[in-house]
Amino acid sequence: MSAVTSTTAYPTARSAAGPAPRPGGPAAARRPSVRAAWYWERRKAPNRWYWPLTVVLCSLGALIGYMQYRDYQDAFEAQEATWEVVWAQSTLMLSMLFLPLAVAAFTAQAASGEHAGRNWQRMAANRLEGVMVVGKLLHALQAALFTALILVGEITATGLLLGFDAADLARYLPRVVPVTLAVWAIEVLVMWLGVVLESFAAMMTTVFLITVTGLALSLAAPALAAIDPMGLLTLACSSYSPRDIASPGSVLTASVVCLAWVGILALALCAGVRRRS
């Protein structure tokens with residue numbers, strides 16, 4: 001998979017809105033625009049492969065959940081277990097390995113392009129590195145939300161196909177929040193690595209090593225998923241604790257942990273950008 005080279009048109013108020021009167025003079029026309037930065041990040045993101053791959057991965061996860069429920073349906077019905085079974089079985093391997101790596105590759109491809117055109121240095125020369133970081137974070141949050149909606153949508157469709165009560169679904173929908181924040185944390189982690197490292201291969205090798213190490217730790221002690229940013233998606237999905245999936249306390253705890261990681265990694269990203277500049 002090759003990295004995409006981006007040639008950045010610096011996001012200013014003028015570039016976002018087009019030619020317009022400049023009552024404040026040239027300095028006002030070059031005022032950094034977060035909206036333009038967000039728009040530019042959306043334009044250069046590698047969407048062509050990521051969204052179809054996310055749909056396929058979530059579909060495969062949902063298929064695993066469907067098959068597991070059908071194989072042991074009598075036992076699950078005796079326990080009155082429905083949505084939580086499909087949710088846990090659908091997200092276990094998906095959240096531990098496949099979806100985090102897909103999210104990381106999506107982010108790394110965009111991050112590696114910034115080095116090909118020396119974009120960080122050019123942004124620093126135009127004093128745009130701050131607004132570009134905000135634009136990247138906003139785009140990452142948007143992509144994280146859409147990823148979470150695809151995942152939850154696939155699981156919802158699977159449960160309805162199995163004949164589960166749609167009224168019970170409302171108790172599980174708040175999981176969208178921690179799942180979104182977990183994906184966002186993974187993206188910010190890779191964005192930070194993308195400032196420190198220059199090549200797509202180096203970023204993905206590092207991500208893979210973090211993922212494998214975190215996977216081994218979480219299998220030994222599931223609670224350790226909270227200290228591994230690549231393992232946050234498993235924590236957010238509550239894949240190890242099906243009975244807690246609908247628990248407001250579990251949702252809140254996972255959300256706080258993921259948000260804390262986003263904050264820590266965002267600070268590291270800002271510091272890395274300042275050093276790079």
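1. A residue counts as buried when its relative accessible area is under 20%. With that in hand, look at Phe-164: its relative accessible area is 8%, so Phe-164 is buried. Please keep in mind throughout that this is a predicted model.

2. Let's stay with Phe-164 and meet its partner. Phe-164 and Trp-83 form an edge-to-face aromatic pair, with 5.3 Å from centre to centre and 70° between the planes. The two residues are 81 apart along the chain, and their pair links distant parts of it. Trp-83 belongs to helix H6 (residues 83-116), while Phe-164 sits in the loop between helix H8 (129-161) and helix H9 (176-196). Trp-83 is buried too, because its relative accessibility is 2%.

3. There are further rings to find. A search of the whole structure gives nine aromatic pairs. One aromatic cluster is made up of Trp-49, Tyr-50, Trp-51, Phe-106 and Phe-146.

4. Next, a question about cysteines: how many disulfides does the structure hold? The count is zero. A disulfide is a covalent bond between the sulfur atoms of two cysteines. Here the cysteine sulfur closest to that of Cys-58 is in Cys-237, and at 9.1 Å it is too far away for a bond. For comparison, the cut-off for a disulfide is sulfur atoms within 2.5 Å. Seen from the other end, Cys-237 is in no disulfide, and its nearest cysteine sulfur is that of Cys-58. Cys-58 counts as buried at 2% relative accessibility, and Cys-237 counts as buried at 0%.

5. Helix H3 (residues 34-44) is a nice one to turn on your screen. Its buried residues are Ala-36, Ala-37, Trp-40, Glu-41 and Lys-44. Why are they on the same side of H3? They cover an arc of only 140° around the axis, which puts them there. As background, an α-helix has 3.6 residues a turn, so residues three or four places apart point the same way.

6. Now for the empty space. The count comes to three cavities of 30 Å³ or more. The second largest cavity holds about 60 Å³ of space. Its lining includes Met-96, Asp-228 and Tyr-240. Helix H10 (residues 200-220) supplies the largest share of that lining, four residues. By class, the lining of the second largest cavity has five nonpolar residues, five polar and one charged.

7. The largest pocket contains about 200 Å³ of space. It is lined by 13 residues, and Thr-234, Leu-235, Ser-238, Ser-241 and Ser-250 are the closest to its centre. Thr-234 is also among the residues that line the second largest cavity. Helix H11 (232-237) and helix H12 (248-276) are the elements that give two or more residues to the pocket lining. H12 gives the most, with three residues. The pocket lining divides into six nonpolar, six polar and one charged.

8. Finally, two backbone angles deserve a look. Ser-238 has a positive phi of about 55° although it is not a glycine. Ser-238 lies in the loop between H11 and H12. Glu-80 also has a positive phi of about 55° without being a glycine, and its place is in the loop between helix H5 (73-78) and H6. Which of these is buried and which exposed? Ser-238 counts as buried because its relative accessibility is 6%, whereas Glu-80, at 68%, counts as exposed.

Terms used:
Residues are numbered from 1 along each chain as its sequence is written. This is a predicted model: local features need pLDDT of at least 70, side-chain atom pairs count only at pLDDT 80 or more; totals for chains, interfaces and linings use all residues. Side-chain values use heavy atoms; hydrogens and water are left out. Rings of Phe, Tyr and Trp (its six-membered ring) pair if their centres lie within 6.5 Å; planes under 30 degrees apart count as stacked, over 60 as edge-to-face and the rest as tilted. Buried means under 20% relative accessible area, exposed over 50%, partly exposed in between (1.4 Å probe, protein chains only). On a 1 Å grid over the protein atoms alone, a cavity is a set of points where a 1.4 Å probe fits but cannot get out, and a pocket is an open set with protein on both sides within 12 Å along at least five of seven lines; lining residues have an atom within 4 Å of a point. Grid points are joined across faces, edges and corners, and a volume is the space filled by probe spheres set on the points. Ala, Val, Leu, Ile, Met, Phe, Trp, Tyr, Cys and Pro count as nonpolar, Asp, Glu, Lys and Arg as charged, and the others, Gly among them, as polar. The arc is that of the directions from the helix axis to the C-beta atoms.
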